[in-house]
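The following exercises concern the strands of a sheet and their surroundings. Please study the sequence and the structure before reading each solution.

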Amino acid sequence: MTDTTTSGTSPTKKPRIETVGAAAAGQDNSDEVVDKALESIESCQNEIDALNEKASEEILKVEQKYNKLRKPHYENRNDFIKKIPNFWVNAFINHAQMSANVTEEDIVCLHYMSKLSVEESEDIKSGYKISFTFEENPYFENRTLVKEFKLGSEETRPMSNAISVRWKKDMDLTKRYRESASGKGQKRPHTEKSFFFWFTDEIDPSWDTIGEIIKDDLWPNPLQYYLSSEVGENGIEDDSGELDESVVVLDEDNSESDGDEIQEISDEIGNDEFENAGLYEEVDEDDDDDEDDDILVEGDDDDDSGDAGNENET
């Protein structure tokens, strides 16, 4: 029994040992192939990165060139914008993201803004600044408010700074928010934050949402946002050219139109049904010809009945 068991089990173990050995040898070969492939991929990636860096340099030169070409057009555009009252405040409040950062009091103050400009640094990648020009107003002494963004480099960190707003007495819109937020003299804190707080935030430019909106969206084409409200302010027509549903258009000739509507309805459902519904009214009150026609019709009916009687007698 012992010999039989030993001879029966030994042949089954040898193939398993040989299979594992073959798999290990194949794995060694596979590792070598993967290592060589990774080295080739890294080499290709280095070439791609070098091309990307070269492309960035060339794109930067193109941007610098066209920034200079765009500058006189921006200046001309600002000259024309000055002729349109409240242009910038309307563009601000019609921009969905920008309007979320502007309170009702800010809107009143921004009506005094006459000019907006964005100026990028000469090398573009260093940063940019945004300037606001205001007319004489009851809120602050400044005629120009400027916020500058420095994007940083290997030696410096990104940062932003702005000119301090010189508020007139009791007109500080940011102070009102601070007092309401702290709960001074109020049962319920005021949750709206003034747009002018933005001039006090010295945060990383990459986190400055308002700066990015103005630079990348409003400044390149403010006209599209101004025009989006030009018709809406009148409350009559929207951008699609259709009448606003909230506007009721009155017809001066109501009597004539009402008569036409009654006639159309009576033709559709029949005069008898229309009369039974209690909706039919005679519009022509002085139509003598129609009355004569009715008399003649009744007379014809009498003649017809007489003729019928004669026939019966015969």
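Two strands pair if DSSP finds at least two bridges between them; strands (E, at least two residues) and helices (H or I, at least four) are DSSP runs, numbered from the N terminus. This is a predicted model, in which local features need pLDDT of at least 70, side-chain atom pairs count only at pLDDT 80 or more, and totals for chains, interfaces and linings use all residues. Residues are numbered from 1 along each chain as its sequence is written, and side-chain values use heavy atoms, with hydrogens and water left out.

**Exercise 1.** Determine how strand 1 and strand 2 are joined.

*Solution.* Begin with the bridges: seven of them join strand 1 to strand 2, and the two run antiparallel. Next, take one pair: Val118 has Ile130 in strand 2 as its bridge partner. Finally, consider the connection: the two strands form a hairpin with six residues between them, and Ile124 in the turn has a positive phi of about 70°.

**Exercise 2.** Establish the strand order of the open sheet and identify its edges.

*Solution.* The four strands follow the order 1-2-3-4, with antiparallel pairing. Strand 1 (113–120) and strand 4 (159–162) each have a single partner strand, so one side of each lacks a neighbour in the sheet. Strand 4 is joined to strand 3 (residues 144–150) by four bridges, and its Ala162 stands opposite Lys147.

**Exercise 3.** Which strands does helix 6 lie across?

*Solution.* Helix 6 (residues 209–218) lies across strand 1, strand 2 (127–134) and strand 3. Helix 6 runs at about 85° to strand 2, where axes are lines fitted to C-alpha atoms, for helices over the stretch in contact (heavy atoms within 4.5 Å), and angles run from 0 to 180 degrees between N-to-C directions.
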